[in-house]
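The exercises below are to be worked through with the sequence and the coordinates side by side. Each task is followed by a solution that goes step by step.

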Amino acid sequence: MITLQRKIPLGSSEMKNFVVTLILSAIAIGSHAQTDQQAIDNQVWKPFTKAIKTQDVAAFVSVHSKDLIRAERDQKKVLDLNSYQAGMEAGWPSWKESIKKSNQNYTFELRFLERISNGTLAYEVGYFKNEVISSSGEKRISYGKFQVALRKENGTWKILVDSDSSESGNITDEMFAAAQPINK
């Protein structure tokens with residue numbers, strides 16, 4: 001095989017144009033990913049978090065694709081959207097009533113380890129934190145790790161694949177704090 005190489009002198013205008021093009025391409029790719037993350041935060045994660053905090057099943061379901069694949073890894077279950085929604089409709093009203101009745105303060109937070117996107121598809125990995133403070137001040141915290149694939153559907157980001165696990169209780173406060181929060 002014969003290969004031809006053309007050497008470009010370092011000071012040439014072609015080399016300068018090449019470097020400028022390379023830098024602009026890197027900036028555009030980074031900017032695109034940043035724009036996707038902002039859109040995903042606004043269209044998925046902020047409503048997702050609010051829906052969990054208020055136990056609003058309809059709002060929670062609305063951020064998911066109708067083609068959802070939900071993997072509950074600790075329970076060794078895989079669900080479609082209808083099954084996932086049915087479970088929430090069966091359990092979330094009593095969860096909401098329990099929080100209200102026992103005067104608990106419930107919070108939910110996400111942090112990210114990895115966020116990759118290409119404008120129409122995204123993959124994100126992170127931790128979530130559930131915190132319940134009882135009326136007597138007793139605090140219970142639990143953590144989990146999530147992995148999601150998202151897809152832009154009709155111009156709006158939706159969760160297509162959602163998997164989470166408690167990681168056998170091995171997620172620490174320090175691990176959670178070290179991950180990146182949602183951009184405000």
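**Exercise 1.** Which residue of β2 stands opposite I69?

*Solution.* The model is a predicted one, and the place to begin is the pairing of β1 with β2, which run antiparallel and are joined by four bridges. Within this pair, I69 is found opposite D80 of β2. Following the chain between the strands, one finds that β1 and β2 make a hairpin with four residues between them, and that K76, in the turn, has a positive phi of about 55 degrees.

**Exercise 2.** Determine how β1 is joined to β6, and find the bridge partner of A71 in β6.

*Solution.* The direction comes at the start: β1 and β6 run parallel, with five bridges joining them. The partner of A71 can then be read from β6, where it is S163.

**Exercise 3.** Describe the largest pocket by its volume, its lining and the elements that contribute to that lining.

*Solution.* The volume of the largest pocket is about 690 Å³. Its lining consists of 31 residues, of which R70, E72, Y84, F128 and D164 are the closest to the centre. Turning to the elements, those that give two or more residues to this lining include the helices α1 (13-54) and α3 (81-101), together with strands such as β1 (64-72), β2 (77-80) and β6 (156-165). The most is given by α3, with six residues. Sorted by character, the lining residues of the largest pocket comprise 16 nonpolar, eight polar and seven charged.

Technical notes: Residues numbered from 1 in each chain as written. Predicted model: local features only at pLDDT ≥ 70, side-chain atom pairs only at ≥ 80, totals over all residues. Heavy atoms only, no water. 1 Å grid on protein atoms, 1.4 Å probe; cavity = no way out; pocket = protein on both sides within 12 Å on 5 of 7 lines; lining within 4 Å. Points joined across faces, edges and corners; volume = space filled by probe spheres on them. Nonpolar A, V, L, I, M, F, W, Y, C, P; charged D, E, K, R; others polar. Pairing = 2+ DSSP bridges.
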